[in-house]
Every structure is written in structure tokens, then in C-alpha cells.
Amino acid sequence: MDQTESRRTRITTVIEHIMEQQRAHPTATGEFSVLLGGLTLATRMISASVRRAGISGVLGPTGEINVQGEVVQKLDELADQTIQRCLGCRGSIGILASEEVADPIGLKRKEGSGKYIVIYDPLDGSSNIDVNVSVGTIFSILQRTGVGNDPDSLTRDVLQPGTKQIAAGYVIYGSSTVLVYTAGAGVHLFTLDPLIGAYILSEENVRMPEAGKMYSTNEANLASYPEGIRKYLAWCKTPEAGPFTSRYIGSLVADFHRTLLKGGVFIYPATAKAPQGKLRLMYEANPMAFIAEQAGGMASDGKQRILEKEPEGLHQRTPLIIGSKQEVQRVCDMCSE
Ligand code: FDP
């Protein structure tokens, strides 16, 4: 078998892939692959729960309202606990911060360990669970800059701009379970083989199309969109723009995944209901922006590159315009006219 053929037919698991990438870094200790191993275990468990939700009694709300003021679904809670159980015992992680928990959780570690921070949304798009629409887990990984375990030190460590992320990714529980991650050297896509319980490499170095005639936004909010966004959406419908099509699932992971593979633009701007935007900077916009840029795309809030926004709070919201470079740039240009 020649080299090209062996590459084509070779089966690579996500852990092998991460370890290969790590080998390229002479200072790598292997701690990072152990951390990602925890995440892949958690998402395999969540995938199993999502697949069996209708028969294991975990559909529907818990009756609680979370820190965002949103209804907590039973699967949100289950996914959050699963991630805490799978990551809480990994010595390399010093802080966990979840969409479902008000403040960052400091994990007691031996001196010199616990250098990573994992910020995550355990089950994004959870209002779609009951109607069997794709949902996902999103994660962003940073490095600790301090050592203190008091609430102020933990918050200070977590509030770093997206440019400081050392890895980010998501898992989409769709018609198949797919993991997409970047550690700053391209974007890689893996499919979970449910029979053997392993994520297998499906596509290395995924590229987002430079342009794409698809827009994705909740147009019911159009009347309160900023003028530039309204102008762009009106332009999309003109003969000059060419035939655009519209797709909106209302589940960020699913809308982003389609945009990554097919191109186009996803827009969730400030609205009357959500004057700062609806999506969360630290565990929705930042990880997706890191992936988009690594795949050749772009992400902005209309004024500024998402990854350069200085965060002020763990649950801070932001407008998000993300997707193919040409379309995101066009939206931003119209916003600044
Ligand atoms: P959900 O409320 O179902 O959890 O930020 C959460 C999110 O979903 C995103 O996944 C999705 O893109 C967005 O909200 C949908 O918001 P709208 O219902 O306002 O369109």
C-alpha cells in the first residue's frame, strides 16, 4: 500500500489525532489530550442520553429557571452533570465554567497542576429537544493566568478575550453525532461510530466556503434589527444579489454547522427583546468564532471582531454575525454605512 492510499484508508480516532497534533509541539505534556479525552467521553454519554431521551423520561423541563432566566430542560441538567463528572477529576483542569452555573467552579489541585479552564454550554439549543431537532455541546479552552481559588481570582482568570483560546469545539447531536474541533491548526471533523463508541476522523482541515448564498436569521425579529442588518437582508432578496436562500433552525450548533460546511451567513443581532444580542460571548460566540476563523471564515458583532472583545462577565451576551468571509464583510460594511 503506498502512502497516499494508506492515508485514505487509515482510520484515525480523535484522541490519536489530538496526540499527533501535540507531538508537533515540543513542550506538550500530554495533559491536553487527557482533557480532551474527558470531553469526548462526556459528549459520547450525552449523545447516548439524547438518542434515548423519549424512552428514558428525560424530555421536558425540570421546573427550574437558570442563571440566564431560561427554563432548564432535564437534558440540560443531565448534560451539565455529565461534563462535571467527566472533567472534574482531570488534574489538568483548574476551572470549569458552565452556562448552567452562575459562577466559575474552582477545582482544588496540587500546586503546578490545573492549568486549563473549560468554559462550556452543555446543551445548546435545548428549547428544540422536545421536537427532535439537533442540539449540541459547545466548549472553549483557555489557560489559567493566576492560581487563586477565591471567586474574584476565578472570574478574573475566566474573563479572557477569545484570541486567548487554545482550543474550541462543538458536538452536534444530529442525524449522526459529529465532533468539530480546532486547537489553532485547522478545523477537524469526526463522526461518532455508535457501535464502537469512538469518534473517527471524517474530514481534516475543513474550509468554510469564501462566499455562500444562504442567510440564517430569526426574521420574526426583523422590525427591531439594526438598520445595516435590515439593509443587508433586503439586498439578499434583490435580483442583483442573485438567488439567496434562507435557513434557520434556531439551534446555534446546527445553524453554525451548516454554515461551516455550505457557506453563507448566520446573523443574531441586537433586538428589542435582547438589546445586547441573545448569544453568549464566552461559550457560544467565542468558540464558534475561533472555528470559523480557523476554517477561513469570519465572525463579528457588526463593529468588532468577536475574538477581540474584552469580556466583562461569564454570561455576557453579544450580537453575532458569522460565516463566509465575503458575506460577513458585506454585512459589516452595511452596518458601518
Ligand atoms: P435555545 O434558546 O434553544 O437554547 O442561545 C440559545 C439558542 O437556543 C441558540 O442555540 C439559538 O441559535 C438561539 O438561542 C435561538 O434564539 P431564537 O429562538 O430567539 O431565534
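Q: Which of the 14 residues around the ligand come nearest?
A: In this predicted model, D124, S127, N218, Y248 and Y268 come nearest to the ligand.

Q: What makes the approach of D124 to an oxygen atom of the ligand a polar contact?
A: The cut-off for a pair of N or O atoms is 3.5 Å. A polar side-chain atom of D124 lies 2.7 Å from a ligand oxygen, so the pair is within 3.5 Å and counts as a polar contact.

Q: How do you know that Y248 and Y268 also make polar contacts with the ligand?
A: The distance from a polar side-chain atom to a ligand oxygen is 2.5 Å for Y248 and 2.6 Å for Y268. Both values are within 3.5 Å, so both pairs qualify.

Q: Why are helices α7 and α8 called roughly parallel?
A: Helix α7 (residues 252-262) packs on helix α8 (residues 281-294) at an angle of about 15 degrees, and their axes are 12 Å apart. Angles under 35 degrees count as roughly parallel, and α7 and α8 are therefore described that way. Their crossing is right-handed.

Q: Which residues make the contact, and how do they divide into nonpolar, polar and charged?
A: From α7 come L252, V253, F256 and L260, and from α8 come E284, M288, I291 and A292. The division is 7 nonpolar, no polar and 1 charged. Glu counts as charged, so the charged residue is E284.

Q: Where does G313 lie, and with which residues is G313 in contact beyond its neighbours within four places in sequence?
A: G313 lies in the loop between β15 (298-300) and β16 (317-318). Those neighbours aside, G313 is in contact with L159 and M282.

Technical notes
Residues numbered from 1 in each chain as written. Predicted model: local features only at pLDDT ≥ 70, side-chain atom pairs only at ≥ 80, totals over all residues. Heavy atoms only, no water. Axes fitted to C-alpha atoms, helices over the stretch in contact; angles between N-to-C directions. Helix = DSSP H or I, 4+ residues; strand = E, 2+ residues; numbered from the N terminus. Parallel < 35°, antiparallel > 145°, perpendicular 65-115°, else oblique. Left-handed = near helix turned anticlockwise from the far one by under 90°. Contact = heavy atoms within 4.5 Å. Near = heavy atom within 4 Å. Polar contact = N/O pair within 3.5 Å; in protein donor to acceptor, adjacent residues only side chain to side chain.
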